[in-house]
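I opened the notebook to look at how helices pack and at what lies in the interior. My entries follow the order in which I looked things up.

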Amino acid sequence: MNIHSINADADETSPILIIPYMWIGDFVRGHTVVRVLKERWPNRPVDLLTTRLCAPLADYMPGVRAGIVWDLPRSRLALAKQWKLAAMLRERRYRTALVMPRTWKAAIAPTLAGIPERVGFVGEFRFGLINRWRWGERKLPRFIDKNAALALPDGAALPPEWPVPQLRVPPEQIERWRQANGLGSGPGVALAPGSVGPAKRWPYYGEAARLLIAQGLDVWVVGGPGEKALAAEIVAAGGSGVRDLTGTDLRNGVLAMAAASVAISNDSGLMHIAAALGTPTMGIFGPTSPYHWAPLNGLAATVQTKTKVPCQPCHRPVCRMKHHRCMRDISASDVAAITARVLAEAGARAAR
């Protein structure tokens, strides 16, 4: 089945609530669900429950009416907050809720709000909380399949291709961001050295920055407060041409990736942001699998070690083998060469 073959129902106008995963990369990749829903019901408003951290992403997602900011603690049920959230959801009169996480906790508020149709996969004994079940999650190895299958009609087969996640930033916002940071109009490379877990961090960003500067490129480091120390190391290694543009607001990261000519990133949320923006994106993969987590756009390249590392992929946050060869065997010169190729290909496409 092609996704565009879904019979659209333009007469249905009741709102839909999506409860996504709240990690940045997963939140971005969940936009595919929005696109599938809008194919089925072009006139049904779609809202996203979001944390304060992820809230800026909802502003840039086509097809999303609103992001509803509601921070629930990760370590407890927080029933008082769930009741307050349910009361707010009840006022919005949602008819359908898509609950992506398989946790009991994620389905509480939609149930308390009395949302009639609550769709989700089987998980954590959620009988009574989820009333429209999706089965066979274990047969769906890719994260995009697990998410987007929730938006399909009952019994529909998976399509050969899903619509990719999208983020759209108005050009005037990008230009204001460039001016505010004193950036010229030349090609720029955004480096995203952060990740959840040290095993996913490529160690040679400083050396790569020096090589990219030598190619005449502007280079800036993007990330959150946790990447300040890494940014300082990269600036020290790369020289005065490297800018530290890390910040506390995720919107800054979105604008940086939108302004970049190419993004170089570990397997992280910023990688998925860059890909969804349509920025040529190089994802550096070591302990994780590109099959499951590669950036989802046609302008992407995945970089892995050329040497054989038997323990790869391990999907562990810390290297248990102590050598970290899956990342350490990827040279800065290889990354710089691939960057030049990606930029050339992007320039050739733009000239057509």
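These entries cover two helix pairs, one enclosed helix and the nonpolar cores, all in a predicted model.

**Entry on α7 and α10**

I began with a reminder to myself that two packed helices are described by the angle between their axes and by the distance between those axes. For helix α7 (residues 171-180) and helix α10 (residues 250-259), I noted an angle of about 100° and axes 9 Å apart. Angles of 65 to 115 degrees count as roughly perpendicular, and that makes α7 roughly perpendicular to α10. I then asked myself which residues meet where α7 packs against α10. On the α7 side I listed Q173, I174, W177 and R178, and these meet N252, L255, A256, A258 and A259 in α10. Sorted by class, this contact of α7 with α10 holds six nonpolar, two polar and one charged residues.

**Entry on α8 and α14**

Next I turned to helix α8 (residues 205-214) and helix α14 (residues 332-351), which pack at an angle of about 45° with their axes 9 Å apart. That makes α8 oblique to α14, and I wrote down that the crossing of α8 and α14 is right-handed. From α8 the residues E207, A208, L211 and L212 take part, and they meet A332, S333, A336 and T339 in α14. I divided the residues of this contact of α8 with α14 into five nonpolar, two polar and one charged.

**Entry on α11**

How many residues of helix α11 are buried? I found that nine of the nine residues of α11 (residues 269-277) are buried, so this helix is largely enclosed by the rest of the structure. The buried residues of α11 include G269, M271, H272 and I273. Just after α11, I noted that G278 takes a positive phi of about 85°.

**Entry on the cores**

Finally I looked up the largest nonpolar core, which has 73 residues, and in which L57, W220 and I273 are those with the most contacts inside it. Helix α10 gives the most to this core, with seven residues. I followed L57 outwards and, leaving aside residues up to four places away in sequence, found that L57 touches I24, F27, V28, L167, L250, V254 and I273. I273 therefore came up twice in my notes, since I273 is also one of the buried residues of α11. A second, separate core has 29 residues, and among them are A208, V221, M327 and A336. I recognised A208 and A336 from my earlier entry, where A208 is listed in α8 and A336 in α14.

Definitions and conventions: Residues are numbered from 1 along each chain as its sequence is written. This is a predicted model: local features need pLDDT of at least 70, side-chain atom pairs count only at pLDDT 80 or more; totals for chains, interfaces and linings use all residues. Side-chain values use heavy atoms; hydrogens and water are left out. Axes are lines fitted to C-alpha atoms, for helices over the stretch in contact, and angles run from 0 to 180 degrees between N-to-C directions. Helices (H or I, at least four residues) and strands (E, at least two) are DSSP runs, numbered from the N terminus. Angles under 35 degrees count as roughly parallel, over 145 as roughly antiparallel, 65 to 115 as roughly perpendicular and the rest as oblique. Contact means heavy atoms within 4.5 Å. Ala, Val, Leu, Ile, Met, Phe, Trp, Tyr, Cys and Pro count as nonpolar, Asp, Glu, Lys and Arg as charged, and the others, Gly among them, as polar. A crossing is left-handed if the near helix is turned anticlockwise from the far one by less than a right angle, and right-handed if clockwise. Buried means under 20% relative accessible area, exposed over 50%, partly exposed in between (1.4 Å probe, protein chains only). A nonpolar core is a set of buried Ala, Val, Leu, Ile, Met, Phe, Trp, Tyr and Cys residues joined through side-chain atoms within 4.5 Å.
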